[in-house]
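Thanks for making time this morning. I would like to walk through some helix packing, a sheet and a ring pair, and I will give the cut-offs as we go.

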Amino acid sequence: MLTFGALALTLGLVIFVHELGHFLAAKMTGTGAPRFSIGFGPATPIRWKWGETEFVIAWIPLGGYVKLATREEEDPSSAIEGQVGDDFPDDKLFENKSIAQRAFILSAGVIMNVLLAWGLHAGVLAFAGRSNLPVERIAVRAEALPFSGQALATADGGHLIRLNGDSVTTWRALIEMFVHPSATSFRFEFADRDPVVVPLQESGDREAVVMAIGPRFPVAFGQIVRGGAAERAGLAVGDGVLTVNGDSVASWPAFVEVLRTHPGDTLALVVARAGVTRVVALVPDGMDTTIAGRDTVIGRIGALPAPAPVVRVAMPLGAAVVEGLVQTGRDLDLVVATLRGLVAGRVSPNELLGPIGIGQISGQVARQGLAELLWLIAVISVNLAVFNLLPVPVLDGGHLVFLAVEAIRRKPLSIETRYRFMQVGMFLLLMLVVFVFFNDIRRLVGL
């Protein structure tokens with residue numbers, strides 16, 4: 001139930017806010033809006049009328065729409081949106097508005113999604129605080145240390161308590177202290193071993209040491225996918241991995257890297273469960289993917305890590321608003337980079353998530369707390385904003401392309417031409433829906 005509730009909140013909020021943007025922009029420009037729908041297709045009994053607009057919840061929960069007043073022939077999207085036959089005067093018709101007004105209406109949903117992300121990020125930072133990893137035991141990659149920092153290799157796994165005499169409680173605070181330009185050396189003090197002094201002799205020593213250290217948490221399972229290699233090997237939620245083929249694993253990413261490079265191989269894991277250790281034979285399943293434009297096979301076991309412990313430090317409201325904007329920009333950069341990776345073949349389409357995958361992640365994040373769920377909603381809201389800007393007919397970006405062509409030609413494309421493009425766009429959108437559902441089901445059954 002928590003997963004369904006988290007999915008309903010996540011998708012419901014980002015879709016509602018997106019469509020609310022279109023609706024408010026239509027009202028601001030005097031454009032009629034006969035229907036505001038969450039979902040596609042026929043309306044459920046949940047519907048009501050307010051002014052000229054009918055608000056409905058539809059049966060197909062894969063998006064939503066605001067139907068704008070028009071006398072143009074129905075486009076292919078009517079098949080999933082449903083027919084609306086209300087009559088409006090000429091001054092309220094969408095096609096009679098200026099290009100600028102129509103562009104504002106079409107882009108308002110994207111704008112609202114970005115504003116939602118900004119507001120959620122800022123709100124979480126101001127009231128719940130920034131999520132920080134606590135400083136406990138540190139992992140040290142000895143091969144990445146500069147010559148002046150070689151002594152720090154002995155600190156791998158140590159419980160750090162002070163840096164240059166100051167206590168440190170979060171990893172972010174440690175990094176901020178370490179990159180301070182006035183310090184020329186650092187004294188690491190531990191609860192379980194001798195102190196280590198690292199002098200900064202070369203210009204790149206500071207950055208090299210920062211890149212060589214990180215938080216060290218036990219590798220433990222937080223979720224086991226039914227039918228996956230982990231379940232077949234007898235692993236369970238809460239199990240901790242001590243070694244793989246005799247080598248210790250310092251972090252979950254390091255563990256995943258071992259799995260990725262050993263598809264079909266038998267790995268000997270020493271696993272701790274309730275204080276008792278045992279050896280488990282694990283054979284990662286192979287999965288076809290594309291990395292750096294090359295087809296390859298990676299190993300996966302159908303398991304997710306236990307959440308890392310976090311502490312939260314609240315920020316002043318003004319700083320939270322600024323940092324929320326910065327974080328929203330980072331989200332946008334990440335989505336755009338992912339799209340570029342898909343086009344260039346550096347990112348596999350198999351990584352795309354559909355509603356089932358989003359529901360699974362939402363449920364997992366919701367178990368960590370409301371703040372984490374709101375942060376995820378902000379990220380998904382940015383994803384929806386960028387997706388809707390793609391130049392695909394049926395999406396907002398496709399309609400904006402039509403307007404750009406109209407501005408250049410000084411007249412709109414014919415209804416017949418737009419209809420054909422819309423048919424292509426509808427086909428592409430439906431194919432994408434089928435593909436992401438297939439991805440979700442494949443993950444669900446461990447394929």
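Helices α1 and α3 are oblique to each other, a word that applies here because angles under 35 degrees count as roughly parallel, over 145 as roughly antiparallel, 65 to 115 as roughly perpendicular and the rest as oblique. The axes of α1 (residues 2-28) and α3 (residues 99-128) come within 7 Å and cross at roughly 140°, where axes are lines fitted to C-alpha atoms, for helices over the stretch in contact, and angles run from 0 to 180 degrees between N-to-C directions. Among the residues that make this contact are Leu13, Val17 and Gly21 of α1, and Phe104, Ala108 and Met112 of α3, with contact meaning heavy atoms within 4.5 Å. The residues involved divide into 14 nonpolar, five polar and no charged; Ala, Val, Leu, Ile, Met, Phe, Trp, Tyr, Cys and Pro count as nonpolar, Asp, Glu, Lys and Arg as charged, and the others, Gly among them, as polar.

I should say that this is a predicted model, in which local features need pLDDT of at least 70 and side-chain atom pairs count only at pLDDT 80 or more, while totals for chains, interfaces and linings use all residues. Residues are numbered from 1 along each chain as its sequence is written, and side-chain values use heavy atoms, with hydrogens and water left out. Helices (H or I, at least four residues) and strands (E, at least two) are DSSP runs, numbered from the N terminus.

A second helix pair is α9 (residues 355-366) with α10 (residues 370-388), whose axes come within 8 Å and cross at roughly 150°, and these two are therefore roughly antiparallel. Ile358 and Val365 of α9 are among the residues in that contact, as are Leu373 and Ile380 of α10, and the contact divides into seven nonpolar, one polar and one charged.

Turning to the sheet, four strands form an open, antiparallel arrangement in the order β6-β5-β7-β8, where two strands pair if DSSP finds at least two bridges between them. β6 (166-167) and β8 (196-199) stand at the edges with a single partner strand each, so one side of each is left without a neighbour in the sheet. Helix α4 (residues 171-178) packs on this sheet, touching β5, β6 and β7, and its direction makes about 30° with that of β5.

Finally, the structure holds eleven aromatic pairs, counted when the ring centres of Phe, Tyr and Trp (its six-membered ring) lie within 6.5 Å, with planes under 30 degrees apart called stacked, over 60 edge-to-face and the rest tilted. Phe40 and Tyr65 form a stacked one, 5.9 Å centre to centre with 5° between the planes.
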